[in-house]
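Please look at the sequence and the structure shown here, and then read the short report that follows.

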Amino acid sequence: MPRRVAVVTALLATGLLLGGCGDGRPDGGDGPVGRTSATTDSSSAAPASSPTAPPTPTPTPTPRPLAGRVVVLDPGHQLGNARFPAEINREVDAGGFDKACNTTGTSTDDGYPEATFTWEVAVELRKRLRRLGARVLLTRDENSTGAWGPCIDERGRIGNPGEPGPDADVRVSIHADGNRSSAAHGFHVIRPGQREGWTDDVLVPSERLAVALRDALVAAGFSPSTYLGEDGIDVRTDLGTLNHSDVPVVMAELGNMRDADDAVAMERAAGRQRYARALATAVRAFLTS
Ligand SMILES: [Zn+2]
């Protein structure tokens, strides 16, 4: 099945083909630092193209604190995963052991899927990070019932030094949990634990990244998990996406989709913007401090 063809076709159909993501093609937010880059992001006409144009006052440059930085965003799952059981159940190397390529993810009780939530938060977050000057790579190109994957190992490798495309500075995997226990609510940020030969290189900076995310989410009014981790941070060695990353990485479980209050924040655009704003604050803090 030519998944890539299907994906591109779907993107064209929905008008979402904004730039390459997982295949290493530059997206719209990169390029040289400064006015050229700013112009690229703008839909207005480029004033510098006419040699006869009179000199115009130099506008105050927009601060672009993340210029030159590369951020990988990994929106968890894919909307079509359930329709491709053979593909997503195929085992891949998850960091010295085998694990299913991917899973279907969870949903709210209203049926709002985790794959859609993570996609919508990632797209909103990409917009905010690009505004700060970052180049953003997504690990999947769209959210579609006709697509599956990628597998967890690929999600963890995109942006690693030596992989096709630019070298990333940081990777944030975006998920939401699905726990039916009563009183189970709130977010938790998962950082990699010690796994010799796999996570040694990213252990310390990933802890700092996890703290940055936790602090930004709390500052944005989100509550740390009542049922997992400690003060909103958990440590795991069994997650392929974390194990494969050679750049600082965390997996943000932004809330419990089965909790009514968490679900409200996730299902509303304003709630997703609040998540994205907090994550942008965290990535900025991590990369500039
Ligand atoms: Zn998930």
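## Burial, sheet and helix α9

Buried residues, those with 20 or more other C-beta atoms within 10 Å of their own C-beta atom as placed from the backbone, make up 47% of the 289 residues in the chain. This is a predicted model, in which local features need pLDDT of at least 70 and side-chain atom pairs count only at pLDDT 80 or more, while totals for chains, interfaces and linings use all residues. Residues are numbered from 1 along each chain as its sequence is written.

The chain holds nine helices and eight strands, taken as DSSP runs (helices H or I, at least four residues; strands E, at least two) and numbered from the N terminus. Six strands form an open sheet of mixed pairing in the order β4-β1-β5-β8-β6-β7, where two strands pair if DSSP finds at least two bridges between them. Because β4 and β7 stand at the edges with a single partner strand each, one side of each is left without a neighbour in the sheet. Within the sheet, β5 and β8 pair in the parallel sense over six bridges, and S173 stands opposite M251 in β8.

Helix α9 has 20 residues, which at 1.5 Å a residue (times one less than the number of residues) should span 28 Å, and its end C-alpha atoms are 28 Å apart, which agrees. Its buried residues include R272, Y275 and F286, and the buried residues of α9 pack (contact: C-beta atoms, placed from the backbone, within 7 Å) against several elements, among them those in the table.

| Element packed against by α9 | Residues |
|---|---|
| β1 | residues 70–75 |
| α4 | residues 114–131 |
| β5 | residues 170–177 |
| α6 | residues 203–219 |

Note on methods: Buried ≥ 20, exposed ≤ 12 C-beta atoms within 10 Å, placed from the backbone. Contact = placed C-beta atoms within 7 Å.
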